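Colleague: Thanks for making time to go through this one with me. Could you put the sequence and the model on the screen before we start?

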Amino acid sequence: MNVKKILLRKRRKKESLFKYISGLLHLWLGLLSSLVILVVCLTGCMYAFKNQINDFQNRNQVFIETKSEKLPLSYFEDKLKKENQQINSILIPKNPSRSVVISFFDIDSKNIQTHYFNPYTGEDLGSGNGNFDGFFNTVEALHKNLLMGDVGKQIVGVFVLVFIFMLLSGLVLWWPKRKKKLVKQAFTIKWKAKFYRINYDLHNTLGFYSLAFLLFISVTGIYITYPWVKTVVLVSLGGESISEQTQSQEGVSDSFANLMDEMLKKENEKIDQVAIKQIPLDSILYLTQKELSYPGTTTILLPDEKEPRYRIQKINTSNWLGAMLPDIIDFDRNGELKRSDLFINKPLHQQFKELSNPLHTGEIMGTPSVILYFLITLIGFSLPITGFVIWWKKVK
Amino acid sequence: MKNTFLITAFTGILLLASCGKEQKKRGLDYDKLKQELALNSEQAQKFDALTANYKQIMQENKAANTSEGGQLNRVAFFSKMEEIYQKQTAEIASFLDENQLKTYNAFMSKNTRKRQRYNDELLATIKTNLELNEEQAKVLEAANNAFEKEFYDAHDIYHGNSELAAEYWRKYDNQRKSAIESTLSEKQIMEFRELVKKEKSPSEK
């Protein structure tokens with residue numbers, strides 16, 4: 001085999017210089033980056049199912065049989081109070097067949113526990129099992145830095161940039177000529193053909209169909225690695241560049257001053273409300289429903305010695321994409337609304353900043369988008385393999 | 001067949017190449033700590049049971065804060081984690097000797113993630129040494145809480161980039177200091193600066 005001949009093939013007749021150079025770079029960079037891309041895509045598609053696997057592992061605690069009436073939250077408050085326990089936070093899922101998750105602590109020993117409870121029967125289902133956490137931590141570290149710390153992170157970053165180039169140069173190579181047969185070939189896989197033809201079609205056609213998604217996943221991935229990518233994305237969405245954001249200034253900025261006002265109010269509430277009894281959790285849930293009337297998973301953090309307010313996060317999925325958009329509201333111990341931080345009111349760059357992680361992992365729309373991302377990253381995983389086979393056929 | 005073999009070999013080399021490197025263990029390495037502590041068998045047994053229990057509590061705490069698409073409230077989460085670590089330390093201290101406890105505290109101080117704020121001890125020292133009045137004390141607490149929230153709110157931007165995190169930390173630290181100093185006298189300012197001069201961003205510590 002003549003490797004040099006394969007790596008520096010001659011330009012074909014009627015082949016444009018652009019396509020010729022794209023082809024050579026696609027080959028060279030593909031061979032160079034394939035190992036890293038394989039690892040990143042494989043770990044990405046494994047990590048996509050982290051929550052689903054954890055839920056399956058804890059299925060006896062997480063999933064419950066639905067009944068007509070849910071118990072009031074006061075039932076759990078009273079039940080735990082009898083055991084000398086106090087609720088710290090409570091998560092009420094939107095899905096009626098999931099159990100509520102309550103964090104509580106022993107009033108004397110201050111020991112903290114988190115248990116699942118059946119909202120229909122009140123049964124304490126115990127705590128979950130996090131046996132897969134270590135595995136997923138390793139998968140995540142492999143995905144982010146190949147278990148090589150900062151050096152690995154830079155390697156992954158560079159090769160994801162290369163991958164973006166590969167996707168774009170792949171599009172150039174894929175672009176069919178205006179012949180009916182070639183157009184059909186570009187969009188379909190000929191399953192009845194021989195192995196090498198199927199392999200070629202898998203690379204070519206699946207690469208095309210997954211292009212936009214893989215580009216999006218790659219860009220949201222390098223957004224995490226490179227500040228300059230963050231700047232490009234945030235500025236294009238109307239935000240400030242990173243250097244502007246980190247620039248020190250004399251005195252206190254407006255945003256810090258606003259936050260100071262908020263924190264000073266809280267300091268006063270700590271003193272003013274220390275004697276006030278907390279209103280029942282059911283009232284807080286009612287008030288939350290009044291403020292945020294859509295159905296959604298709700299997390300309530302209860303006030304304590306250091307934090308005078310109920311802090312509520314509700315996930316709004318009532319939008320055309322079904323995307324999980326977090327709204328945050330605070331109530332004081334009297335049930336007076338103190339803060340309303342709705343996702344829809346935030347500027348676009350702020351919204352993107354908050355959603356960059358679930359947009360990258362596929363969790364943004366829950367299980368359907370996780371499955372979609374899994375399939376897309378599986379295709380991403382296959383591309384270096386099918387590409388290598390195409391090259392190998394020519395070399396051997 | 002030949003191709004299948006090649007593809008398998010190719011993938012195998014990839015996995016070996018990536019896994020063969022020195023792996024940086026995530027989270028606390030309790031095995032290493034146990035070696036440093038040179039525990040006897042009874043202590044080791046208690047240590048294992050206790051750390052396993054607290055590991056479970058921490059996992060549960062994280063799950064409770066993030067499941068079902070919820071976004072992590074970092075201030076609340078790290079505050080709770082701090083409480084859990086304090087509780088664990090108190091229980092472990094009951095069966096360690098003085099030297100072991102010193103080693104344990106040094107290890108934990110080096111390897112656990114601290115809340116980004118003046119801790120309660122420093123806050124108390126500032127209040128006492130500077131003889132802060134009620135209003136000044138409120139500003140101190142409020143500025144410290146505002147700093148913590150601003151810093152954690154920027155997490156999605158500096159995430160995984162320690163230099164960038166340090167830039168954000170310094171920016172908000174300057175604002176925290178400005179806000180606090182705006183209510184202090186000249187003398188108090190000098191003393192305040194002396195007390196907080198060792199406070200650094202996580203990557204500079």
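Modeller: Happy to. One term first, for the hairpin we will meet: two strands pair if DSSP finds at least two bridges between them. Also keep in mind that this is a predicted model.

Colleague: Good to know. Then which residue in the turn of the hairpin formed by E2(A) and E3(A) has a positive phi?

Modeller: E2(A) and E3(A) pair in the antiparallel sense over 6 bridges. Within that pairing, Phe105(A) stands opposite Ile112(A) in E3(A). The hairpin leaves 5 residues between its strands, and the one in the turn with a positive phi, about 65°, is Lys110(A).

Colleague: And on the other side, which residue of E2(A) does Ile87(A) stand opposite?

Modeller: E1(A) joins E2(A) through 6 bridges, also in the antiparallel sense. E2(A) is mostly covered, with 6 of its 7 residues buried. Opposite Ile87(A), in E2(A), stands Phe104(A).

Colleague: Let's widen the view. What is the order of the strands in the open sheet of chain A?

Modeller: The sheet has 8 strands with antiparallel pairing. Its edge strands, each pairing on one side only, are E4 (124-126) and E8 (337-341) of chain A. On average, neighbouring strands are turned by 25° against each other, direction ignored. The order is E4-E3-E2-E1-E5-E6-E7-E8.

Colleague: How many bridges join E6 to E7 of chain A?

Modeller: E6 covers residues 310-316 and E7 covers residues 325-331 of chain A, and the two run antiparallel. One facing pair is Ile315(A) with Pro326(A) in E7(A). The number of bridges joining E6(A) to E7(A) is 7.

Colleague: Helices pack on this sheet too. What angle does the direction of H13(A) make with that of E7(A)?

Modeller: Let me start with H5 (residues 73-82) of chain A, which packs on the sheet and touches E1, E2 and E3 of chain A; its direction makes about 150° with that of E1(A). H13(A) packs on the sheet as well, touching E1, E5, E6, E7 and E8 of chain A. The angle between the directions of H13(A) and E7(A) is about 125°.

Colleague: Now the domains. Which element gives the most residues to the side of domain 2 of chain A that touches domain 3 of chain A?

Modeller: In the domain assignment of chain A, domain 2 is 59-126 and domain 3 is 254-346, and their C-alpha centres are 21 Å apart. The contact takes 12 residues from each of these two domains. By class, the domain 2 side has 7 nonpolar, 3 polar and 2 charged residues. The element that gives the most to that side, with 6 residues, is E1(A).

Colleague: Over to chain B. How far apart are the C-alpha centres of domain 1 and domain 2 of chain B?

Modeller: Chain B has 10 helices and 0 strands. Its assignment gives domain 1 as 26-111 and domain 2 as 120-197. The distance between their C-alpha centres is 27 Å.

Colleague: I was looking at Phe151(B) there. Does it count as buried or exposed?

Modeller: Phe151(B) lies in helix H7 of chain B. Beyond its neighbours within four places in sequence, Phe151(B) is in contact with Gln116(B), Tyr168(B), Trp169(B) and Tyr172(B). Tyr172(B) is 21 residues away in sequence, yet the C-alpha atoms are 6.9 Å apart. Because Phe151(B) has 24 C-beta neighbours inside 10 Å, and the cut-off is 20 or more, it counts as buried.

Colleague: How many residues of chain A are in contact with chain B?

Modeller: From chain B, 51 residues take part. Among the elements giving two or more residues to that side are H3 (41-66) and H7 (134-153) of chain B. That side has 18 nonpolar, 19 polar and 14 charged residues. The count from chain A is 59 residues.

Colleague: Last one: over which residues of chain B is the pLDDT below 50?

Modeller: The model scores ipTM 0.78 and pTM 0.83. Mean pLDDT is 89 for chain A and 83 for chain B. The stretch of chain B below 50 has 20 contacts in the model beyond near neighbours in sequence, and it covers residues 4-25.

How values were computed: Residues numbered from 1 in each chain as written. Chains lettered and ligands numbered in written order. Predicted model: local features only at pLDDT ≥ 70, side-chain atom pairs only at ≥ 80, totals over all residues. Domains from an automatic or database assignment. pLDDT = per-residue confidence, 0-100. Contact = placed C-beta atoms within 7 Å. Helix = DSSP H or I, 4+ residues; strand = E, 2+ residues; numbered from the N terminus. Nonpolar A, V, L, I, M, F, W, Y, C, P; charged D, E, K, R; others polar. Buried ≥ 20, exposed ≤ 12 C-beta atoms within 10 Å, placed from the backbone. Axes fitted to C-alpha atoms, helices over the stretch in contact; angles between N-to-C directions.
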